[in-house]
Amino acid sequence: MGYEPLVQQNPLRVLNMGRENNQMGLVMARAGLGKTALLVQIALDSILRGKRVIHVSIGESIEKTKTWYDDILQFILQEHSVTRPHELIDMVARHRMIMTFKIAAFTRSRLEERLNDLVLQDIFRPNCLIVDGFDFEKTDRESLEDIKNLMENMDMQAWFSATCHRGDPRVSPTGVPAPCHEIDDLFDMIILLKPESDATIQLDIIRNYGEQVSGGKGLRLDPTTMMVKEM
């Protein structure tokens, strides 16, 4: 069955994330504000549009990451009328692969080796890469350029999460906080998660397809479900 209605009703549609294959996106926030929840919703949006997703979880278990997908899928099923929910659950499982790395073990060469193994053996051919837990504080520009080059060569979209800290005042001219303030030009889309006084979390869209955005897109995370909602 087709899932176009779910794609059209997804609040993330305003970002038009499926427009290009080899873009790189970044989700930034302080610890515990919903970076993983947003990355999973971005991954599910890609899957519902017929893409295959590799979710790289750095420093976390496969089980914990899978639980995020299970929980968010349940919220989607509760909010929308899906005729055969088990077909949707099975489809997501077939189009998503979770891969784990230890923090010190994630490099372009090791990622490329594992991706090539999957593709060359015709096990899984991904269109989108999710990287949750990448340590931007201990990486350099060249390493990230290497990964960007890999994504371009494989014609893949990639999304990263990064943790910023309240006590670090460094920020780029476009408003991207440390530790990504000096490499923000490598990303086509940048989203900051900012807590609001009503306990919701605003999606502050700083860049969308390379263009600086003023005023964001009117999206928030529900603090109870961590689902993206339109304001």
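1. Let's begin with the cysteines. In this predicted model, the sulfur of Cys-180 lies 8.4 Å from the closest cysteine sulfur, that of Cys-164, which is too far for a bond. A disulfide would need the two sulfur atoms within 2.5 Å. Seen from the other partner, Cys-164 is likewise in no disulfide, with the sulfur of Cys-180 as its nearest cysteine sulfur. The count for the whole structure is 0 disulfides.

2. Are these two cysteines buried or exposed? Cys-164 counts as buried because its relative accessibility is 12%, and the cut-off for buried is under 20%. Cys-180 has a relative accessibility of 0%, so Cys-180 counts as buried too. If you have cysteine chemistry in mind when you look at the model, please keep both values in view.

3. Next, the strands, starting with β4 (residues 128–132). All 5 of its 5 residues are buried, so β4 is largely enclosed by the rest of the structure. Both of its faces are covered. Cys-128, Ile-130 and Asp-132 are buried on one side, while Leu-129 and Val-131 are buried on the other.

4. Which strands pair with β4? One is β2, which pairs with β4 in the parallel sense over 5 bridges. Here Ile-54 stands opposite Leu-129 of β4. Another is β5, which runs parallel to β4 and is joined to it by 4 bridges. Cys-128 has Gln-157 of β5 as its bridge partner, and Val-131 has Phe-160 of β5. Between β4 and β5 the chain passes through helix α6 (residues 141–153), and this β-α-β crossover is right-handed.

5. Strand β5 also has a parallel partner in strand β1 (residues 24–29), with 6 bridges between them. For a landmark in that pairing, look at Gly-25, which stands opposite Trp-159 in β5. As for burial, 6 of the 7 residues of β5 are buried, so this strand, too, is largely enclosed by the rest of the structure.

6. Now for the aromatic side chains. The structure holds 7 aromatic pairs. In one of them, the rings of Phe-134 and Phe-136 have centres 4.7 Å apart and planes at 75 degrees, so the pair is edge-to-face; the cut-off for that label is over 60 degrees. Phe-134 and Phe-136 are both buried.

7. Phe-160 and Phe-187 form another edge-to-face pair, because their planes also stand at 75 degrees, with the ring centres 6.1 Å apart. This pair links distant parts of the chain: Phe-160 belongs to strand β5 (residues 157–163) and Phe-187 to the loop between β5 and β6 (189–195), 27 residues apart. Phe-160 counts as buried because its relative accessibility is 0%. Phe-187 has a relative accessible area of 1%, so Phe-187 is buried as well.

8. How do these rings come together? Ring pairs link Phe-101, Phe-106, Phe-134, Phe-136, Phe-160 and Phe-187 into a cluster. One member, Phe-101, has a charged neighbour: the charged end of Arg-114 sits over its ring, 4.5 Å from the centre. There is a similar arrangement at Tyr-69, where the charged end of Arg-96 sits over the ring at 4.8 Å from its centre.

9. Tyr-69 also leads us to His-55, a residue of strand β2 (residues 53–58). His-55 is buried, because its relative accessible area is 0%. Leaving out residues up to four places away in sequence, His-55 touches Val-40, Thr-65, Tyr-69, Met-97, Ile-98, Met-99, Ile-130 and Asp-132. Ile-130 and Asp-132 are among the residues on one side of β4. For scale, the C-alpha atoms of His-55 and Glu-145 are 20 Å apart in space, and the two residues are 90 apart in sequence.

10. Last comes Thr-65, one of the contacts of His-55. Thr-65 lies in helix α3 (residues 62–79). With a relative accessible area of 5%, Thr-65 is buried. What does Thr-65 touch, not counting residues up to four places away in sequence? Its contacts are His-55, Ser-57 and Ile-98. Ile-98 is on the contact list of His-55 too.

Terms used
Residues numbered from 1 in each chain as written. Predicted model: local features only at pLDDT ≥ 70, side-chain atom pairs only at ≥ 80, totals over all residues. Heavy atoms only, no water. Phe/Tyr/Trp six-rings, centres within 6.5 Å; stacked < 30°, edge-to-face > 60°. Buried < 20%, exposed > 50% of the residue type's maximum accessible area, 1.4 Å probe, protein only. Helix = DSSP H or I, 4+ residues; strand = E, 2+ residues; numbered from the N terminus. Lys NZ or Arg CZ within 6 Å of the ring centre and 35° of its normal. Contact = heavy atoms within 4.5 Å. Pairing = 2+ DSSP bridges. Right-handed = clockwise from strand over helix to strand, strands pointing away.
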